[in-house]
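Q: Could you take a close look at one part of this model for me? I'd like a connected picture, with the cut-offs spelled out.

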Amino acid sequence: MNGEQINHSDGDFSQDPERDPFLGALLREARLRERIAVASRRHRMRLTETSWYGWVARYGRAAVPIGIAAALIAAVILNRSVRTEAEFAAQAAAATLDLRGAVAGGSRSAVTDAVVGPDSTEFLIAMAVDR
Amino acid sequence: MREPTREPATDAEETALVDRATRGDPAAFDALVRRHLPGALVAAERLLGDRADAEDLVQDAFLRALDRLPLLDPNRPFGPWFFTLLRNLGINQLRAKRVRHTEPELLDAASPDALPDEEMERAEVRERFDAALAALTPRQREIVMLFEVEGWKGAEIAEHLGLTPENVRWHLHQAKKSLRVSLSTLRDEGTL
């Protein structure tokens, strides 16, 4: 805004007017109300953020040991399943050798044993225990 | 015949405000601030003897109150609870500063339960004043604040804002004219 907008009929603007303590006090109050409103909103936001950080801080500590434990369990399970597959491969290889041996010159019962297993409950028990 | 009691209505309204503020409604908290700020300022200034310190104390007390609202017994009025909080904070502040003082007098003049109707009216009038202030242009608002609150001279404001001193005084005049309506109500009621 420029000086030309001044309407001099409104009064004399060549000197500062008297200060108004009543108005000053009200304005100060209004300013403080605004300050408190802004501060209270920030405060609420901080509280919300704090609860988020608090959650992380609380569970963050537990997350490390839980993660390590989960990794260890996963490693054990994985290792076990790998070993089982390896064992299975070894068993299959052994069975193939038995069958070859039986066919090459073994008796009829030896061939049968090689294909369907020996005529014994021990075989079934051993299979069940393995599983 | 006794006039239908306004006090219980006021209390009910305040209880509702406290309830809403506790549940995170900023407007309700602002209304509580508007209602209790004038008394709180008087009390804080009386306690600390300094306007700026009093403003800081009042702000601190309201923020503490915001934190502790969930702890407030719904059957207890907000005012006395808040003023006790304010007083304790003020005393702690004085102790921390190691200022020698006599035991502060009770906050009788500022006690909100003494004159709830007045508190209510003051809050309403201040709400109108805030609205009038918000209706000023940003420049008028800044000028009136710098002049009346900060105590700057017209020439200093002019230099700060790149205006002529006459222009500043004219803006000041316009701002005061705009505020006059709400101010006249306040002056008539003598509620400052």
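A: Here is a walk around helix α3 of chain B and its helix neighbours.

First, some housekeeping: this is a predicted model, where local features need pLDDT of at least 70, side-chain atom pairs count only at pLDDT 80 or more, and totals for chains, interfaces and linings use all residues. Residues are numbered from 1 along each chain as its sequence is written, while chains are lettered from A and ligands numbered from 1 in the order in which they are written.

α3(B) covers residues 51-68 (helices are DSSP runs of H or I, at least four residues, numbered from the N terminus). Its 18 residues should span 26 Å at 1.5 Å a residue, and the end C-alpha atoms sit 25 Å apart, which agrees (the expected span is 1.5 Å times one less than the number of residues).

On one side there's α2(B), residues 26-48, packing against α3(B) at about 135° with the axes 8 Å apart (axes are lines fitted to C-alpha atoms over the stretch in contact, and angles run from 0 to 180 degrees between N-to-C directions). That makes the pair oblique (under 35 degrees is roughly parallel, over 145 roughly antiparallel, 65 to 115 roughly perpendicular, and the rest oblique). The crossing is right-handed (the near helix is turned clockwise from the far one by less than a right angle). From α2(B), residues including Phe29(B), Val33(B) and Leu37(B) meet a set in α3(B) that includes Arg51(B), Leu57(B) and Phe62(B) (contact means C-beta atoms, placed from the backbone, within 7 Å). By class, that contact has 13 nonpolar, no polar and three charged residues (Ala, Val, Leu, Ile, Met, Phe, Trp, Tyr, Cys and Pro are nonpolar, Asp, Glu, Lys and Arg charged, the others, Gly among them, polar).

α3(B) also packs with α4(B), residues 78-97, at about 125° and with axes 9 Å apart. That makes α3(B) oblique to α4(B), and this crossing is right-handed too. Among the contact residues are Leu57(B), Asp60(B) and Arg64(B) of α3(B), and Phe82(B), Leu85(B) and Gln93(B) of α4(B). The tally here is eight nonpolar, two polar and two charged residues.

Buried residues of α3(B) include Leu57(B), Phe62(B) and also Glu55(B) (buried takes 20 or more other C-beta atoms within 10 Å, exposed 12 or fewer, partly exposed in between, with C-beta atoms placed from the backbone). Arg51(B), with 13 such neighbours, counts as partly exposed. Arg51(B) lies 8.2 Å from Leu41(B), C-alpha to C-alpha, and 10 residues away in sequence.

How values were computed:
Helix = DSSP H or I, 4+ residues; strand = E, 2+ residues; numbered from the N terminus. Contact = placed C-beta atoms within 7 Å.
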